[in-house]
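Reader: I would like to go through this structure with you, asking at each step what a given term rests on. Could we begin with the pocket?

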Amino acid sequence: MPAGDDLPAGYRPTADEEFMNPRQQAYFRRKLQDWKEQILKESEGTLEALKAEPLREPDLTDRAASETDWGIELRTRDRQRKLISKIDAALRRIDAGEYGWCEVSGEPISLARLEARPIATMTIDAQERHERDEKVSRDE
């Protein structure tokens, strides 16, 4: 069991603690693992529904509507598959002791940002600069 994995009920990281101490790392590890588990359960439901409800509506309009619904569902699952890879990368960063630190500036990413987006790899300032630079390069 990793150090700090004995999280007290209701624990939330605070700025009063040392940044990314073992307890904070355990907190974010659990948050990421729970998120991943939730996504996987949802995708299992999609697979079961696909197996149980083949697209065999005799009416062309009904069939088109069903195909559209399934297309949307499958695109959602694809986005979630990509999200799982980002969650796995964040878990690897925790293992490596790099989680919570901006990959651009090396500064700590705010706890509020990590709460809202636990897969964040940049501070808000670095993310905004990155997005501005991307926009400029697309506009050229």
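Reader: What makes a residue count as part of the lining of the largest pocket?

Author: In this predicted model, a residue belongs to the lining because one of its atoms lies within 4 Å of a pocket point. By that criterion the lining consists of Lys-86, Ala-89, Arg-93, Arg-113, Arg-117, Ile-119, Ala-120, Thr-121, Met-122, Gln-127 and His-130, and the space in the largest pocket comes to about 170 Å³.

Reader: Which helices supply at least two residues of that lining, and which gives the most?

Author: Both α2 (60-96) and α4 (124-139) supply at least two residues each, and α2 gives the most, with three residues.

Reader: How do you know how many lining residues are nonpolar, polar or charged?

Author: Lys and Arg count as charged, Ala, Ile and Met as nonpolar, and residues outside the nonpolar and charged lists as polar; the lining therefore divides into four nonpolar, three polar and four charged residues.

Reader: Why is the largest nonpolar core called a core?

Author: The name applies because its members are buried nonpolar residues joined through side-chain atoms within 4.5 Å, where buried means under 20% relative accessible area. This core has 23 residues, and Phe-28, Leu-32, Ile-87, Tyr-99 and Leu-114 have the most contacts inside it. α1 (22-52), α2 and α3 (111-116) each supply at least two of its residues, with the largest share, six residues, coming from α2.

Reader: What does Leu-32 contact, leaving aside its neighbours within four places in sequence?

Author: Leu-32 is in contact with Ile-87, Ala-90, Leu-91, Ile-94, Tyr-99, Pro-118 and Ile-119.

Key: Residues are numbered from 1 along each chain as its sequence is written. This is a predicted model: local features need pLDDT of at least 70, side-chain atom pairs count only at pLDDT 80 or more; totals for chains, interfaces and linings use all residues. Side-chain values use heavy atoms; hydrogens and water are left out. On a 1 Å grid over the protein atoms alone, a cavity is a set of points where a 1.4 Å probe fits but cannot get out, and a pocket is an open set with protein on both sides within 12 Å along at least five of seven lines; lining residues have an atom within 4 Å of a point. Grid points are joined across faces, edges and corners, and a volume is the space filled by probe spheres set on the points. Helices (H or I, at least four residues) and strands (E, at least two) are DSSP runs, numbered from the N terminus. Buried means under 20% relative accessible area, exposed over 50%, partly exposed in between (1.4 Å probe, protein chains only). Contact means heavy atoms within 4.5 Å.
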